[in-house]
Amino acid sequence: MFASSSAGFATPFILRFHLLDGSNIRLLPEAAVLRSRRRRKLSDGSGGGGREKRIMCCCSDSVVPLRRSSGSSTKSHAEKSEEWRFDGNKIPHLVRNQALPSMPFASPPQSRSQSKLYPRCIPRNSGPQSRDTPPKRDTGIANEKDWGIIMLNENVSESDTNEDGSTWYRESGEELGENGYRCRWTRMGGKSHDGSSEWKETWWEKSDWTGYKELGVEKSGRNGEGDSWWETWQEVLHQDEWSNIARIERNAQKQAKSGVENAGWYEKWWEKYDAKGWTEKGAHKYGRLNEQSWWEKWGENYDGRGSVLKWTDKWAETELGTKWGDKWEDKFFAGIGSRHGETWHVSPSAERWSRTWGEEHFGNGKVHKYGKSTTGESWDIVVDEGTYYEAEPHYGWADVVGDSTQLLSIQPRERPPGVYPDPLPPPLS
(Lines give C-alpha, C1' and ligand atoms only; values in the text may rest on other atoms or scores of the structure.)
Protein backbone atom coordinates (compact mmCIF):
# COMPACT_ATOMS: atom_id res chain seq x y z
CA MET A 1 0.00 0.00 0.00
CA PHE A 2 2.47 2.66 1.17
CA ALA A 3 6.17 2.21 0.50
CA SER A 4 8.85 3.98 2.46
CA SER A 5 8.95 6.68 -0.19
CA SER A 6 6.10 8.98 -1.12
CA ALA A 7 5.45 7.16 -4.40
CA GLY A 8 1.86 7.52 -5.45
CA PHE A 9 1.47 10.86 -3.81
CA ALA A 10 4.15 13.16 -5.22
CA THR A 11 7.37 13.04 -7.15
CA PRO A 12 9.70 10.79 -5.11
CA PHE A 13 13.18 11.89 -4.21
CA ILE A 14 16.02 10.33 -2.24
CA LEU A 15 17.55 12.02 0.79
CA ARG A 16 20.86 11.00 2.30
CA PHE A 17 21.99 11.83 5.80
CA HIS A 18 25.33 11.66 7.59
CA LEU A 19 24.20 12.67 11.06
CA LEU A 20 23.14 9.56 12.93
CA ASP A 21 21.00 11.20 15.57
CA GLY A 22 18.18 13.37 14.25
CA SER A 23 17.60 14.90 17.66
CA ASN A 24 20.45 17.36 17.05
CA ILE A 25 18.60 19.19 14.29
CA ARG A 26 18.52 22.85 15.24
CA LEU A 27 15.63 24.75 13.75
CA LEU A 28 15.67 28.27 15.13
CA PRO A 29 16.22 30.08 18.41
CA GLU A 30 12.96 30.11 20.33
CA ALA A 31 12.82 33.89 20.47
CA ALA A 32 12.92 34.15 16.68
CA VAL A 33 10.04 31.71 16.32
CA LEU A 34 8.02 33.65 18.89
CA ARG A 35 8.67 36.90 17.04
CA SER A 36 7.56 35.30 13.79
CA ARG A 37 4.37 33.97 15.35
CA ARG A 38 3.63 37.30 17.00
CA ARG A 39 4.05 39.10 13.69
CA ARG A 40 1.58 36.82 11.95
CA LYS A 41 -0.88 37.05 14.83
CA LEU A 42 -0.97 40.83 14.61
CA SER A 43 -1.52 40.77 10.87
CA ASP A 44 -3.80 37.78 10.35
CA GLY A 45 -6.55 40.07 9.14
CA SER A 46 -9.28 38.24 11.00
CA GLY A 47 -10.78 41.50 12.23
CA GLY A 48 -14.48 41.53 12.68
CA GLY A 49 -14.56 42.86 16.23
CA GLY A 50 -17.86 41.96 17.74
CA ARG A 51 -19.63 41.16 14.51
CA GLU A 52 -22.23 38.45 14.85
CA LYS A 53 -21.43 35.20 13.07
CA ARG A 54 -24.11 32.67 12.19
CA ILE A 55 -23.46 29.03 11.38
CA MET A 56 -25.78 27.29 8.96
CA CYS A 57 -25.83 23.56 8.33
CA CYS A 58 -26.70 21.58 5.29
CA CYS A 59 -26.46 17.90 4.50
CA SER A 60 -26.09 17.75 0.73
CA ASP A 61 -23.27 15.59 -0.61
CA SER A 62 -23.46 16.78 -4.20
CA VAL A 63 -20.17 17.37 -5.96
CA VAL A 64 -19.22 20.98 -6.67
CA PRO A 65 -18.64 21.91 -10.34
CA LEU A 66 -15.08 22.50 -11.48
CA ARG A 67 -15.09 26.31 -11.39
CA ARG A 68 -17.67 26.93 -8.68
CA SER A 69 -18.74 30.53 -8.21
CA SER A 70 -21.08 32.32 -5.85
CA GLY A 71 -23.68 32.84 -8.57
CA SER A 72 -26.46 30.62 -9.79
CA SER A 73 -25.70 26.96 -10.34
CA THR A 74 -27.66 27.03 -13.59
CA LYS A 75 -25.03 28.81 -15.68
CA SER A 76 -25.23 28.56 -19.43
CA HIS A 77 -22.47 26.87 -21.38
CA ALA A 78 -21.30 30.27 -22.63
CA GLU A 79 -21.04 31.61 -19.09
CA LYS A 80 -19.05 28.57 -18.01
CA SER A 81 -16.74 29.02 -20.97
CA GLU A 82 -16.13 32.61 -19.95
CA GLU A 83 -14.75 31.40 -16.62
CA TRP A 84 -11.91 29.73 -18.52
CA ARG A 85 -11.39 32.69 -20.88
CA PHE A 86 -7.89 34.01 -21.53
CA ASP A 87 -7.37 37.31 -23.29
CA GLY A 88 -4.08 37.26 -25.18
CA ASN A 89 -4.27 40.99 -25.74
CA LYS A 90 -4.09 41.80 -22.04
CA ILE A 91 -0.68 40.57 -21.01
CA PRO A 92 0.26 42.39 -17.77
CA HIS A 93 3.09 44.91 -17.90
CA LEU A 94 6.43 43.69 -16.70
CA VAL A 95 7.12 44.34 -13.03
CA ARG A 96 10.71 43.61 -12.16
CA ASN A 97 11.19 44.95 -8.68
CA GLN A 98 8.62 43.02 -6.67
CA ALA A 99 9.49 40.14 -4.37
CA LEU A 100 7.48 37.76 -6.54
CA PRO A 101 7.31 37.93 -10.35
CA SER A 102 4.01 38.76 -11.97
CA MET A 103 1.79 35.77 -12.67
CA PRO A 104 -0.13 36.21 -15.92
CA PHE A 105 -2.52 33.89 -17.70
CA ALA A 106 -4.39 33.06 -14.51
CA SER A 107 -7.30 34.08 -12.35
CA PRO A 108 -6.64 36.38 -9.37
CA PRO A 109 -5.32 34.62 -6.26
CA GLN A 110 -8.06 33.60 -3.87
CA SER A 111 -7.70 32.69 -0.24
CA ARG A 112 -8.46 29.20 0.98
CA SER A 113 -11.16 29.71 3.56
CA GLN A 114 -12.27 27.02 5.95
CA SER A 115 -15.76 27.23 4.46
CA LYS A 116 -14.33 26.03 1.14
CA LEU A 117 -12.50 23.12 2.74
CA TYR A 118 -15.36 22.14 5.03
CA PRO A 119 -18.48 23.12 3.06
CA ARG A 120 -20.79 20.92 5.09
CA CYS A 121 -21.50 20.29 8.74
CA ILE A 122 -20.17 17.05 10.20
CA PRO A 123 -22.69 15.27 12.43
CA ARG A 124 -21.29 13.27 15.29
CA ASN A 125 -20.51 9.61 14.53
CA SER A 126 -21.10 10.11 10.79
CA GLY A 127 -18.84 9.21 7.90
CA PRO A 128 -16.39 11.65 6.30
CA GLN A 129 -18.07 14.59 4.63
CA SER A 130 -17.45 15.29 0.98
CA ARG A 131 -14.32 17.46 0.48
CA ASP A 132 -14.99 17.74 -3.22
CA THR A 133 -13.77 21.31 -3.79
CA PRO A 134 -11.41 21.41 -6.79
CA PRO A 135 -8.13 23.32 -6.49
CA LYS A 136 -7.92 26.93 -7.59
CA ARG A 137 -5.33 28.38 -9.92
CA ASP A 138 -2.49 30.58 -8.71
CA THR A 139 -3.03 29.91 -5.02
CA GLY A 140 0.51 28.63 -4.48
CA ILE A 141 1.34 26.23 -1.64
CA ALA A 142 -1.15 26.18 1.21
CA ASN A 143 -0.05 26.08 4.84
CA GLU A 144 -0.64 22.85 6.72
CA LYS A 145 -3.41 24.40 8.85
CA ASP A 146 -5.48 25.01 5.72
CA TRP A 147 -5.72 21.27 5.08
CA GLY A 148 -7.15 20.33 8.48
CA ILE A 149 -5.20 17.04 8.62
CA ILE A 150 -6.27 14.90 11.58
CA MET A 151 -4.52 11.53 11.87
CA LEU A 152 -6.48 8.75 13.58
CA ASN A 153 -4.75 6.97 16.44
CA GLU A 154 -6.26 3.57 15.70
CA ASN A 155 -6.73 1.38 12.66
CA VAL A 156 -10.15 2.00 11.11
CA SER A 157 -12.00 0.39 8.22
CA GLU A 158 -15.59 1.48 7.80
CA SER A 159 -18.12 2.35 5.11
CA ASP A 160 -21.82 3.13 4.85
CA THR A 161 -24.63 4.48 2.69
CA ASN A 162 -26.23 7.86 3.31
CA GLU A 163 -29.94 8.60 3.14
CA ASP A 164 -29.62 10.04 -0.36
CA GLY A 165 -27.98 6.84 -1.62
CA SER A 166 -24.44 8.18 -1.74
CA THR A 167 -21.74 6.01 -0.19
CA TRP A 168 -18.59 6.72 1.78
CA TYR A 169 -15.61 4.89 3.26
CA ARG A 170 -12.81 5.67 5.68
CA GLU A 171 -9.77 3.62 6.65
CA SER A 172 -6.50 4.22 8.42
CA GLY A 173 -3.39 2.29 9.31
CA GLU A 174 0.32 2.31 10.04
CA GLU A 175 3.34 0.84 8.29
CA LEU A 176 6.79 0.28 9.79
CA GLY A 177 10.17 -0.17 8.15
CA GLU A 178 13.93 -0.01 8.61
CA ASN A 179 15.75 2.82 10.39
CA GLY A 180 12.71 3.54 12.49
CA TYR A 181 10.55 4.33 9.47
CA ARG A 182 6.87 4.82 10.27
CA CYS A 183 4.02 5.94 8.01
CA ARG A 184 0.61 6.67 9.48
CA TRP A 185 -2.14 7.17 6.91
CA THR A 186 -5.84 7.86 6.56
CA ARG A 187 -7.88 7.39 3.40
CA MET A 188 -11.46 8.44 2.77
CA GLY A 189 -13.79 8.94 -0.14
CA GLY A 190 -17.30 8.68 -1.47
CA LYS A 191 -19.59 8.42 -4.48
CA SER A 192 -22.97 9.81 -5.44
CA HIS A 193 -25.89 7.37 -5.63
CA ASP A 194 -25.53 7.00 -9.42
CA GLY A 195 -21.72 6.95 -9.44
CA SER A 196 -21.50 10.06 -11.62
CA SER A 197 -19.51 11.98 -9.00
CA GLU A 198 -16.70 10.74 -6.78
CA TRP A 199 -14.05 12.09 -4.42
CA LYS A 200 -10.98 10.62 -2.71
CA GLU A 201 -8.54 12.01 -0.19
CA THR A 202 -5.48 10.58 1.56
CA TRP A 203 -3.47 12.01 4.46
CA TRP A 204 -0.14 10.70 5.71
CA GLU A 205 2.72 11.47 8.05
CA LYS A 206 6.15 9.82 7.92
CA SER A 207 9.20 9.81 10.15
CA ASP A 208 12.38 7.85 10.88
CA TRP A 209 15.36 7.92 13.25
CA THR A 210 17.41 10.30 11.08
CA GLY A 211 15.06 13.13 11.99
CA TYR A 212 13.19 12.98 8.69
CA LYS A 213 9.56 14.07 8.96
CA GLU A 214 6.91 14.36 6.26
CA LEU A 215 3.28 15.47 6.13
CA GLY A 216 1.23 15.06 2.97
CA VAL A 217 -2.14 15.07 1.24
CA GLU A 218 -3.47 13.76 -2.06
CA LYS A 219 -7.00 14.41 -3.27
CA SER A 220 -8.94 13.86 -6.47
CA GLY A 221 -12.50 14.04 -7.71
CA ARG A 222 -14.93 14.25 -10.59
CA ASN A 223 -18.49 15.42 -11.03
CA GLY A 224 -21.50 14.55 -13.14
CA GLU A 225 -20.52 17.00 -15.89
CA GLY A 226 -17.24 15.21 -16.51
CA ASP A 227 -15.05 17.78 -14.77
CA SER A 228 -12.12 16.17 -12.95
CA TRP A 229 -9.27 17.35 -10.73
CA TRP A 230 -6.26 16.14 -8.77
CA GLU A 231 -4.07 17.80 -6.16
CA THR A 232 -1.17 16.79 -3.95
CA TRP A 233 0.64 18.68 -1.18
CA GLN A 234 3.76 17.73 0.77
CA GLU A 235 5.84 19.23 3.55
CA VAL A 236 9.20 17.73 4.61
CA LEU A 237 11.78 18.34 7.35
CA HIS A 238 15.18 16.78 6.81
CA GLN A 239 18.86 17.45 7.29
CA ASP A 240 21.18 18.47 4.47
CA GLU A 241 23.46 15.54 3.66
CA TRP A 242 26.65 17.62 3.60
CA SER A 243 26.17 20.54 5.99
CA ASN A 244 23.83 18.90 8.55
CA ILE A 245 21.72 22.08 8.39
CA ALA A 246 17.99 21.60 8.88
CA ARG A 247 15.81 22.14 5.82
CA ILE A 248 12.08 22.40 5.28
CA GLU A 249 10.69 21.79 1.80
CA ARG A 250 7.13 22.23 0.58
CA ASN A 251 5.61 21.41 -2.78
CA ALA A 252 2.21 21.20 -4.42
CA GLN A 253 0.85 19.95 -7.73
CA LYS A 254 -2.62 20.80 -8.99
CA GLN A 255 -4.57 20.09 -12.14
CA ALA A 256 -8.13 20.32 -13.39
CA LYS A 257 -9.87 19.42 -16.63
CA SER A 258 -13.24 20.48 -17.98
CA GLY A 259 -15.67 17.79 -19.06
CA VAL A 260 -17.58 19.95 -21.54
CA GLU A 261 -14.85 21.72 -23.51
CA ASN A 262 -11.17 21.49 -24.38
CA ALA A 263 -10.00 23.29 -21.26
CA GLY A 264 -7.66 22.41 -18.40
CA TRP A 265 -4.65 23.53 -16.41
CA TYR A 266 -1.71 22.19 -14.40
CA GLU A 267 0.61 23.80 -11.82
CA LYS A 268 3.66 22.65 -9.89
CA TRP A 269 4.95 24.77 -7.01
CA TRP A 270 7.94 24.26 -4.72
CA GLU A 271 9.67 26.05 -1.83
CA LYS A 272 12.91 25.12 -0.03
CA TYR A 273 14.34 26.75 3.09
CA ASP A 274 17.28 26.12 5.40
CA ALA A 275 18.26 27.47 8.82
CA LYS A 276 21.07 29.61 7.33
CA GLY A 277 18.67 31.67 5.22
CA TRP A 278 19.14 29.88 1.88
CA THR A 279 15.81 29.85 -0.01
CA GLU A 280 14.58 28.56 -3.35
CA LYS A 281 11.10 29.03 -4.79
CA GLY A 282 9.58 28.33 -8.16
CA ALA A 283 6.59 27.28 -10.21
CA HIS A 284 5.72 25.72 -13.57
CA LYS A 285 2.25 26.35 -15.00
CA TYR A 286 0.29 25.33 -18.06
CA GLY A 287 -3.24 26.05 -19.24
CA ARG A 288 -5.46 25.53 -22.24
CA LEU A 289 -8.83 26.87 -23.35
CA ASN A 290 -10.03 25.52 -26.67
CA GLU A 291 -7.67 27.05 -29.27
CA GLN A 292 -5.43 28.92 -26.79
CA SER A 293 -2.59 27.54 -24.66
CA TRP A 294 -0.23 29.28 -22.25
CA TRP A 295 2.80 28.47 -20.09
CA GLU A 296 4.71 30.14 -17.30
CA LYS A 297 7.88 29.34 -15.36
CA TRP A 298 9.52 31.41 -12.65
CA GLY A 299 12.10 31.00 -9.93
CA GLU A 300 13.78 32.76 -7.02
CA ASN A 301 17.08 31.86 -5.37
CA TYR A 302 18.53 33.51 -2.24
CA ASP A 303 21.87 32.29 -0.90
CA GLY A 304 21.35 33.74 2.60
CA ARG A 305 24.37 36.04 2.23
CA GLY A 306 22.84 38.78 0.06
CA SER A 307 22.97 37.25 -3.41
CA VAL A 308 19.65 36.90 -5.24
CA LEU A 309 18.56 35.55 -8.63
CA LYS A 310 15.02 35.92 -10.00
CA TRP A 311 13.65 34.99 -13.39
CA THR A 312 10.39 34.58 -15.30
CA ASP A 313 9.56 33.06 -18.68
CA LYS A 314 5.98 33.06 -19.97
CA TRP A 315 4.52 32.49 -23.40
CA ALA A 316 1.25 31.66 -25.17
CA GLU A 317 0.02 30.54 -28.55
CA THR A 318 -3.15 29.89 -30.54
CA GLU A 319 -3.95 27.14 -33.01
CA LEU A 320 -3.88 29.77 -35.79
CA GLY A 321 -0.14 30.20 -35.20
CA THR A 322 -0.03 33.44 -33.21
CA LYS A 323 2.57 33.34 -30.44
CA TRP A 324 3.74 35.87 -27.88
CA GLY A 325 5.81 35.92 -24.73
CA ASP A 326 7.88 37.79 -22.20
CA LYS A 327 10.91 36.85 -20.09
CA TRP A 328 13.35 38.57 -17.76
CA GLU A 329 16.11 37.88 -15.23
CA ASP A 330 17.50 39.79 -12.24
CA LYS A 331 20.84 39.00 -10.62
CA PHE A 332 22.24 41.10 -7.76
CA PHE A 333 24.74 41.05 -4.92
CA ALA A 334 25.88 43.91 -2.66
CA GLY A 335 24.10 46.52 -4.79
CA ILE A 336 25.79 45.42 -8.00
CA GLY A 337 24.03 43.39 -10.66
CA SER A 338 22.11 43.25 -13.88
CA ARG A 339 18.65 42.97 -15.38
CA HIS A 340 17.75 41.89 -18.88
CA GLY A 341 14.72 40.62 -20.74
CA GLU A 342 12.80 40.22 -23.99
CA THR A 343 9.23 40.72 -25.19
CA TRP A 344 8.30 39.04 -28.46
CA HIS A 345 5.44 38.23 -30.84
CA VAL A 346 5.05 35.93 -33.86
CA SER A 347 2.18 36.35 -36.32
CA PRO A 348 0.37 33.47 -38.10
CA SER A 349 2.51 34.24 -41.15
CA ALA A 350 5.67 33.63 -39.04
CA GLU A 351 6.59 37.33 -38.96
CA ARG A 352 8.52 37.92 -35.73
CA TRP A 353 8.82 41.08 -33.64
CA SER A 354 10.95 41.38 -30.50
CA ARG A 355 12.37 43.97 -28.15
CA THR A 356 15.35 43.16 -25.92
CA TRP A 357 16.57 45.31 -23.07
CA GLY A 358 19.18 45.27 -20.34
CA GLU A 359 20.48 47.18 -17.32
CA GLU A 360 23.86 47.12 -15.60
CA HIS A 361 23.91 48.45 -12.04
CA PHE A 362 27.37 49.46 -10.85
CA GLY A 363 26.52 50.16 -7.20
CA ASN A 364 27.56 53.81 -7.40
CA GLY A 365 24.27 55.37 -8.53
CA LYS A 366 25.04 54.85 -12.21
CA VAL A 367 22.99 52.51 -14.39
CA HIS A 368 23.81 51.50 -17.95
CA LYS A 369 20.61 50.92 -19.96
CA TYR A 370 20.57 49.43 -23.43
CA GLY A 371 18.21 47.70 -25.83
CA LYS A 372 16.93 47.29 -29.35
CA SER A 373 13.96 45.96 -31.32
CA THR A 374 13.36 44.42 -34.72
CA THR A 375 11.59 47.62 -35.83
CA GLY A 376 14.79 49.65 -35.54
CA GLU A 377 14.54 50.96 -32.00
CA SER A 378 17.79 51.17 -30.03
CA TRP A 379 19.16 52.89 -26.96
CA ASP A 380 22.42 52.82 -25.02
CA ILE A 381 22.71 55.33 -22.17
CA VAL A 382 24.10 55.76 -18.67
CA VAL A 383 21.78 57.44 -16.16
CA ASP A 384 21.85 58.47 -12.52
CA GLU A 385 19.44 56.06 -10.89
CA GLY A 386 19.13 54.15 -7.66
CA THR A 387 19.20 50.36 -7.51
CA TYR A 388 16.38 48.48 -5.84
CA TYR A 389 16.08 44.76 -5.23
CA GLU A 390 15.19 42.47 -2.34
CA ALA A 391 18.13 40.45 -1.06
CA GLU A 392 15.94 38.42 1.32
CA PRO A 393 12.70 36.55 0.63
CA HIS A 394 9.49 38.08 1.92
CA TYR A 395 8.69 34.66 3.44
CA GLY A 396 11.68 32.83 4.88
CA TRP A 397 12.94 30.31 7.41
CA ALA A 398 11.36 31.85 10.51
CA ASP A 399 8.00 32.06 8.74
CA VAL A 400 7.96 28.48 7.48
CA VAL A 401 9.01 27.13 10.90
CA GLY A 402 6.16 29.01 12.52
CA ASP A 403 3.70 27.65 9.94
CA SER A 404 4.89 24.03 10.22
CA THR A 405 3.93 23.17 13.80
CA GLN A 406 2.13 19.97 12.83
CA LEU A 407 5.09 18.75 10.80
CA LEU A 408 7.53 19.48 13.61
CA SER A 409 5.30 17.77 16.18
CA ILE A 410 5.40 14.38 14.40
CA GLN A 411 6.75 11.86 16.91
CA PRO A 412 9.13 9.19 15.53
CA ARG A 413 9.21 5.64 16.84
CA GLU A 414 11.10 5.17 20.06
CA ARG A 415 14.64 4.07 19.34
CA PRO A 416 15.97 1.18 21.44
CA PRO A 417 19.19 1.90 23.39
CA GLY A 418 22.31 1.29 21.32
CA VAL A 419 20.43 1.22 18.01
CA TYR A 420 21.33 3.87 15.43
CA PRO A 421 19.99 4.56 11.94
CA ASP A 422 22.08 3.29 9.07
CA PRO A 423 23.51 6.23 7.09
CA LEU A 424 23.05 6.03 3.35
CA PRO A 425 26.25 5.96 1.28
CA PRO A 426 27.31 9.28 -0.28
CA PRO A 427 26.28 9.79 -3.92
CA LEU A 428 28.68 8.65 -6.61
CA SER A 429 30.72 11.47 -8.12
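**Figure 1. Overview of the predicted model, with its buried share and its secondary structure.** Of the 429 residues in the protein, 43% are buried, and the model shown here and in the views that follow is a predicted one. The secondary structure comes to five helices and 16 strands. The accessible surface of the protein is about 23200 Å², and carbon and sulfur atoms account for 51% of that area. Among contacts between residues at least 6 apart in sequence, 53% join residues at least 24 apart. A search of the whole structure finds 21 salt bridges, and the count of aromatic pairs comes to six; several of these are taken up in the close-up views below.

**Figure 2. Close-up of the aromatic pair formed by Trp147 and Trp233.** The two rings are tilted with respect to each other, with 6.2 Å from centre to centre and 45° between the planes. The pair links distant parts of the chain, since Trp147 belongs to the loop between α3 (114-117) and β1 (156-161), while Trp233 belongs to strand β6 (residues 228-239), and the two residues are 86 residues apart. Both Trp147 and Trp233 are buried.

**Figure 3. Close-up of the edge-to-face pair of Tyr273 and Tyr395.** The ring centres lie 6.0 Å apart, and the angle between the planes is 65°. Tyr273 lies in strand β8 (residues 263-274) and Tyr395 in the loop between β16 (378-384) and α4 (397-402), so the pair ties together parts that are 122 residues apart in sequence. Tyr273 counts as buried because its relative accessibility is 0%, and Tyr395, with a relative accessible area of 15%, is buried as well.

**Figure 4. Close-up of the aromatic cluster of Tyr286, Trp295 and Trp315.** In this view, ring pairs link the three side chains into a cluster.

**Figure 5. Close-up of Arg247 with its ring partner Trp278 and its acidic partner Asp240.** Arg247 lies over the face of Trp278, at 4.2 Å from the ring centre. Arg247 also forms a salt bridge with Asp240, in which the closest N and O atoms are 3.7 Å apart. Both residues of this salt bridge, Arg247 and Asp240, are buried.

**Figure 6. Close-up of the salt bridge between Glu271 and Arg250.** The two side chains meet with an N to O distance of 2.9 Å. Glu271 is in strand β8 and Arg250 in strand β7 (residues 246-257), and the pair links distant parts of the chain that are 21 residues apart. Glu271 counts as buried because its relative accessibility is 13%, and Arg250 counts as buried at 3% relative accessibility.

**Figure 7. Close-up of the salt bridge between Arg339 and Glu359.** The closest N and O atoms of this bridge are 3.8 Å apart. Arg339 lies in strand β13 and Glu359 in strand β14, so the pair ties together parts that are 20 residues apart in sequence. Arg339 and Glu359 are both buried.

**Figure 8. Close-up of Asp138, its backbone and its salt-bridge network.** Asp138 is found in the loop between α3 and β1, and its side chain takes part in a network of salt bridges that links Asp138, Lys285 and Glu296. With a relative accessible area of 5%, Asp138 is buried. Most residues other than glycine have a negative phi. The phi of Asp138, however, is near 55°, a positive value in a residue other than glycine.

**Figure 9. Close-up of Ala350, a further residue with a positive phi.** Ala350, which is not a glycine, has a phi near 75°, and this residue is found in the loop between β13 (336-346) and β14 (352-361). Ala350 is exposed, its relative accessible area being 60%, whereas Asp138 in the previous view is buried.

**Figure 10. Close-up of Pro421 and Tyr181.** Pro421 has its place in the segment after α5 (405-408), and Pro421 is buried, with a relative accessible area of 3%. Although Pro421 and Tyr181 are 240 residues apart in sequence, the distance between them in space is 9.8 Å, taken from C-alpha to C-alpha.

Notes. Residues are numbered from 1 along each chain as its sequence is written. This is a predicted model: local features need pLDDT of at least 70, side-chain atom pairs count only at pLDDT 80 or more; totals for chains, interfaces and linings use all residues. Side-chain values use heavy atoms; hydrogens and water are left out. Rings of Phe, Tyr and Trp (its six-membered ring) pair if their centres lie within 6.5 Å; planes under 30 degrees apart count as stacked, over 60 as edge-to-face and the rest as tilted. Helices (H or I, at least four residues) and strands (E, at least two) are DSSP runs, numbered from the N terminus. Buried means under 20% relative accessible area, exposed over 50%, partly exposed in between (1.4 Å probe, protein chains only). A charge sits over a ring if NZ of Lys or CZ of Arg is within 6 Å of the ring centre and within 35 degrees of the ring normal. Contact means heavy atoms within 4.5 Å. Accessible areas come from the Shrake-Rupley method with a 1.4 Å probe; for residues, only the protein chains shown count as cover. A salt bridge is a side-chain nitrogen of Lys or Arg within 4 Å of a carboxyl oxygen of Asp or Glu.
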